[in-house]
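Take a look at the fold below. We start with one pair of residues and then work outward to the whole chain.

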Amino acid sequence: MVKLLDSDIRTRDVLGWKGVHVLHFMGSSCSQKLRVYLNLKGIPWQSHPVDLPKNENMQPWFLGINPRGLVPVLVHDGAVHIESNDIIQDLEGKFPTPRLIPEGYENEVAALLKHEDDLHLDLRTLSFRFVFAPPGPPKPAAALESYIASGTGTVQGTVDREKQIQIEFWQRAAKEGFTDERARASALKFRTEFDALDKKLARQPYLMGENLSVLDIAWLIYAHRLSLAGYPFARLHPHVHAWAEKLRAMPEFAKEIGQLRQGAAAHDPAHRAQAGKTLEMVAGF
Ligand SMILES: N[C@@H](CCC(=O)N[C@@H](CS)C(=O)NCC(=O)O)C(=O)O
């Protein structure tokens, strides 16, 4: 569990926050995952929006809370938790019903969520290339400088390697954009994952069997974002497509992904096909 230490935190006022507080952004996939989870659980929480397109997450106040500079963050009775999957697993222990991690499967689910999180930068690559498609560098130099300089830079008392990975990701993006080659490599990884999920969903209604679990939430959020990027689910993975349509129709999901959906509807095909190429063309799907 990534619960921050007192020495990691510079924005001290959060230590006095009582109850469940979430720092998040409407269009962030990891925030959407956590919000869907909170909705399904019926856990009341207080919202603290962090505007990612305005780079609020790269300012000293936010880095004083999460030295990694990422959303979502959970502050529960003054304890600061980062990493969406860790937050969810921690809440599952504290709010056990309705169960979204089946009893006895905690370790298996932890490993599967870790695997899902390992693909996060691939999702970000495809999102920036085909959904957001900003005209210039995704993070202006001034924002990146503030990111590098702010916060303690430690997580659980240790210099945070993950922050360096983020810095390198944005520096590379500023230098070369999101190239065809990178986008193709990321899309192929997802194809392998969704081929496997499609086989599961041919036999059972949800990823862990008969009941909805955190894995359905996590993978629906990925599938949804990728469908906005133009990933051809209906053609390549029909069972995943049917499952995603079913989940998207549930109010607990619809409420959280709706805004991005509308936003993306406003994107014309040329916008989604940055440099005149769609995801299907770039990936060879
Ligand atoms: N492994 C982290 C990933 C968090 C992450 O990358 N969050 C994104 C939004 S989905 C973010 O904060 N991006 C910062 C930015 O775009 O500047 C988690 O699961 O919480």
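Which residue in S4 is the bridge partner of Val75? It is Val80. Keep in mind that this is a predicted model.

That pairing belongs to a wider match between two strands. Strand S3 covers residues 73–76, and its pairing with S4 is antiparallel, over four bridges. Together S3 and S4 make a hairpin, with two residues between them. One residue in the turn, Asp77, has a positive phi of about 50 degrees.

Now turn to the faces of S4. In a regular strand, side chains alternate between the two faces of the sheet. Strand S4 spans residues 79–82, and both of its faces are covered. Ala79 and His81 lie on one side, and both are buried. Val80 and Ile82 lie on the other side and are buried too. Val80 is thus named twice here: as the partner of Val75 and as a buried residue of S4.

Step back to the whole protein. It holds 14 helices and six strands. Its radius of gyration is 19 Å, close to the 19 Å that the globule rule gives for 285 residues, so the protein is as compact as a globular protein of that length. The C-alpha trace spans about 50 × 45 × 30 Å along its principal axes.

What about the inside? Of the 285 residues, 53% count as buried. Take the contacts between residues at least 6 apart in sequence: 77% of them join residues at least 24 apart.

Last comes the outside. The protein exposes about 12700 Å², and carbon and sulfur atoms supply 55% of that area. The charges number 34 positive and 34 negative, and their mean positions are 3 Å apart.

Methods. Residues numbered from 1 in each chain as written. Predicted model: local features only at pLDDT ≥ 70, side-chain atom pairs only at ≥ 80, totals over all residues. Heavy atoms only, no water. Rg over C-alpha atoms; globule rule 2.2 N^0.38 Å. Buried < 20%, exposed > 50% of the residue type's maximum accessible area, 1.4 Å probe, protein only. Contact = heavy atoms within 4.5 Å. Areas by Shrake-Rupley, 256 points an atom, 1.4 Å probe, with all protein chains shown as cover. Lys, Arg positive; Asp, Glu negative; His and termini not counted. Charge placed at Lys NZ, Arg CZ, Asp CG, Glu CD. Pairing = 2+ DSSP bridges.
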